[in-house]
Amino acid sequence: MSILLNRASKVLVQGMTGSEGSFHTQQMLDFGTQVVAGVSPGKGGTKHLGVPVFDTVREAVEATGADTAGVFVPPPFAADAIMESSAAGISLVVAITELIPVNDMVRARAFISARGTRLIGPNCPGLMSPGERAKVGIIPNHIANPGEVGVVSRSGTLTYEIIQALARAGYGQSTSVGIGGDPVLGLSFSDVVELFAADEETTLVVLAGEIGGSDEERAAELIGRGYPKPVVGFISGRSAPPGKRMGHAGAIISGTTGSPASKVAALEKAGVKVADTIEQIVELTRERLGAARSS
Amino acid sequence: MKLLEHQAKERLRRVGIECPTGLVARSPQEAEKAAQEMGPVVIKAQVPIGGRGKAGGVKLAKTPAEAHAAAAAILSMEIHGYSVPSVLCEEALEIAKEIYLGVTVDRDRRSMVVILSFAGGMEIEEVAEHSPEKIAKLWPDPFAGPQAFEIRELTLQALEAVGGDETLPKARYLAELVPVVQSLFRLSQELDASLCEINPLVVTASGQVIAGDAKIEIDQNAEFRHRDLVRELGPDASAATSGDDPLEVEARRRGLTYVHLGGSVGIIGNGAGLVMNTLDLVKQHGGSAANFLDIGGGAKAEVVKQALEMLLLDPAVQGVFVNIFGGITRGDEVARGLISARDELGMQLPLVVRMTGTREEEGRQLLEAAGITPAVSAPEAARKIVELIGSTGSS
């Protein structure tokens, strides 16, 4: 199996007719994802990439039974798009859009929480379940390999590096999730780690965090209370000076929480082996999976 | 985008928060004139950065002559890299109590947070670090805003946290803070502020509650909704959010995501996480990164050129490491873009490029033929650039 997304997931894409939306919808289709609808206000009734387009999410859901949404709309309209999907009963919204105003996200987050919708992102690469031939987002198709490692990370290209390094060593992924780099996010590391715990296909979890915030620390607490699978950790930005903001709004260290030392210490205390380099992630995975198999 | 104190206070007044009478002066003569009208004044440097009090940018002037002298001194200062084009001459307050009040984002709670402390003033950072229990917080419903009862609870909690405060009777605190907090929250929402702060919120000797200083920072991502404000405040206010580093201010003007770090290896990469990892790799191989520069998705030739140009403005840069995870981008295209950028800029420094993507082998061959060092992996590239800089440094 996988988490959050599988071959049965029916995906609609908000902003499908835009240039980013078109390009990545085609990639998702090529990957095998069931993209059942696009939503572009004003273009309802047309078809794009062979997929029917609707004016509203509600119409798209009624006509197609879509349960998952990918958001590719520009930042000024993105929070509204997230809330629209939630209100229409979509259970998982994946927001790729970056540069959304933070106050918009605070409101959107409160809105969707009240309706029980799960959100991944924003400002994230999305997720993919290679064994299920399903992806929502922008993770390149060619790096995907079905397998047993669950990957959860904040950022895009670094996640791809990790997936590629694992693939070269023969390890595929059950599901890879990029939770995003913004200050106000949907699912946290803890949420995803918890989902991996219950997934039969996943035998090991790679958690690739970053400086800033305390999501990694809270995931460490969860793992420390007893976790059924080995976890390999990694923290990016360890050489960054305190107080500097590194592109991701999230990656800013304030006080002692959010510092690389605090994250590494919290993970190690929870029994997580923390890699210093991406190569070491592969080594530790080999070590732990070997051990897990022989037991 | 940061508002200056007098601009922030103008916004506070518009939502009904009491502020001292003040006049902006751009010369010692104007400050003197202000003091003639107002009596004793505080002269305050108008710079978009904190810590100006400790830097000497705030002075009390009892007479017009003193105001003239104080303004002359402050206007000639440079505070944390900022020149001081104007001062705010404000009626001097008789301070009985300093309170901290702020509205900002709490990323762990994915919420806005109202922060209140009766241990306000210049030392609030230290209070936050060493005695966080003296700070009370409220996470309001973002649609409804903080309700009066919530603010009364917050106030009681903040009072209890410092063992009570007798400057004003409890009943007055409970009544006075409700409208101030509600107005400040409303303002933060209207302006899309990532920070709205009154520190100190002063209780005067006569029992008046009034904003002593104000800080407002507008979310960069929301500037598209505040074009008028961007125009009014000018490009400097926008650039100021990247800090006081001149290279960072320049990068912001060019629209680049850049952080100056001070080492000798210039770094360009795509994706914040990847770039951070690139900095770590350079350090692990014994080098020091000059900067963080994220060119984002797409890896377009024009952006790479701009990025290279930016790095060359930093005299400490002795070599450049470009780390591109191409995904579906074509390696030969990235290579051609890099070669032409280097040639157009006449760049002489060692350049190591690591890239992945479709047709990466063709890309590597192009780079090698052009005298640029290609690398298969990021660690290999880090090792190569550190070596190359070492050898040029010693020649």
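Start in chain B of this predicted model and select B:Ile43 together with B:Cys89: these two are bridge partners, with B:Cys89 sitting in S7(B). Now widen the selection to whole strands. B:Ile43 belongs to S3(B), and five bridges join S3(B) to strand S7 (residues 87-91) of chain B, the two running antiparallel.

Go back to B:Ile43 and look for its partner in S4(B): that one is B:Lys59. Select residues 58-61 of chain B to get the full strand S4, which pairs with S3(B) in the antiparallel sense over four bridges. If you want the backbone view here, turn on hydrogen bonds: strands of a sheet pair through backbone hydrogen bonds, either parallel or antiparallel.

Stay on S3(B) and show its side chains. Is strand S3 (residues 41-45) of chain B mostly covered or mostly open? Mostly covered: five of its five residues are buried. Rotate it and you can check both faces, with B:Val41, B:Ile43 and B:Ala45 buried on one side and B:Val42 and B:Lys44 buried on the other.

**Along chain B**

Colour chain B by domain next: the assignment gives domain 1 (21-91), domain 2 (95-231) and domain 3 (249-394). Put a centroid on the C-alpha atoms of domain 2 and another on those of domain 3 of chain B, and the two centres are 44 Å apart.

Now select residues 148-161 of chain B, which is helix H5. Its 14 residues, at 1.5 Å a residue, should span 20 Å, and the end C-alpha atoms are indeed 20 Å apart, so the two values agree. Highlight the buried residues of H5(B): B:Ile151, B:Leu154, B:Thr155 and B:Ala158. Look down the axis of H5(B) and these buried residues fall within an arc of 100°, so they line one face of the helix. The spacing is worth keeping in mind: an α-helix has 3.6 residues a turn, so residues three or four places apart point the same way.

What covers that buried side? Show strand S9 (111-117), strand S10 (136-138) and helix H6 (170-190) of chain B, which are among the elements over the buried residues of H5(B). Flip to the face of H5(B) turned away from its buried side and you'll find the exposed residues B:Phe149 and B:Glu160. Before leaving, click B:Gly163, just after H5(B), where phi is positive at about 75°.

**Over to chain A**

Pick out the open sheet of seven strands in chain A; the order is S3-S4-S2-S1-S5-S6-S7, with mixed pairing. Strand S3 (47-48) and S7 of chain A are at the edges, each with a single partner strand, so one side of each has no neighbour in the sheet. For a parallel pair, select S5 (residues 68-71) and S6 (residues 92-95) of chain A, which are joined over four bridges. A:Ala69 has A:Val93 as its bridge partner in S6(A).

Colour chain A by domain too: domain 1 (11-120) and domain 2 (145-294). Seven residues of domain 1 of chain A contact seven residues of domain 2 of chain A. On the domain 1 side of that contact, H4(A) gives the largest share, four residues.

**Where the chains meet**

Last stop: select the contact between the chains, 42 residues from chain A and 39 residues from chain B. On the chain A side, helix H3 (75-87), H4 and helix H5 (157-168) of chain A each give two or more residues. H4(A) gives the most, with six residues. Colour that side of chain A by residue class and you get 18 nonpolar, 15 polar and nine charged.

Terms used: Residues are numbered from 1 along each chain as its sequence is written. Chains are lettered from A and ligands numbered from 1 in the order in which they are written. This is a predicted model: local features need pLDDT of at least 70, side-chain atom pairs count only at pLDDT 80 or more; totals for chains, interfaces and linings use all residues. The expected span of a helix is 1.5 Å times one less than its number of residues. A residue is buried if 20 or more other C-beta atoms lie within 10 Å of its own, exposed if 12 or fewer, and partly exposed in between; C-beta atoms are placed from the backbone. The arc is that of the directions from the helix axis to the C-beta atoms. Two residues are in contact if their C-beta atoms, placed from the backbone, lie within 7 Å. Domain bounds come from an automatic or database domain assignment. Ala, Val, Leu, Ile, Met, Phe, Trp, Tyr, Cys and Pro count as nonpolar, Asp, Glu, Lys and Arg as charged, and the others, Gly among them, as polar. Two strands pair if DSSP finds at least two bridges between them.
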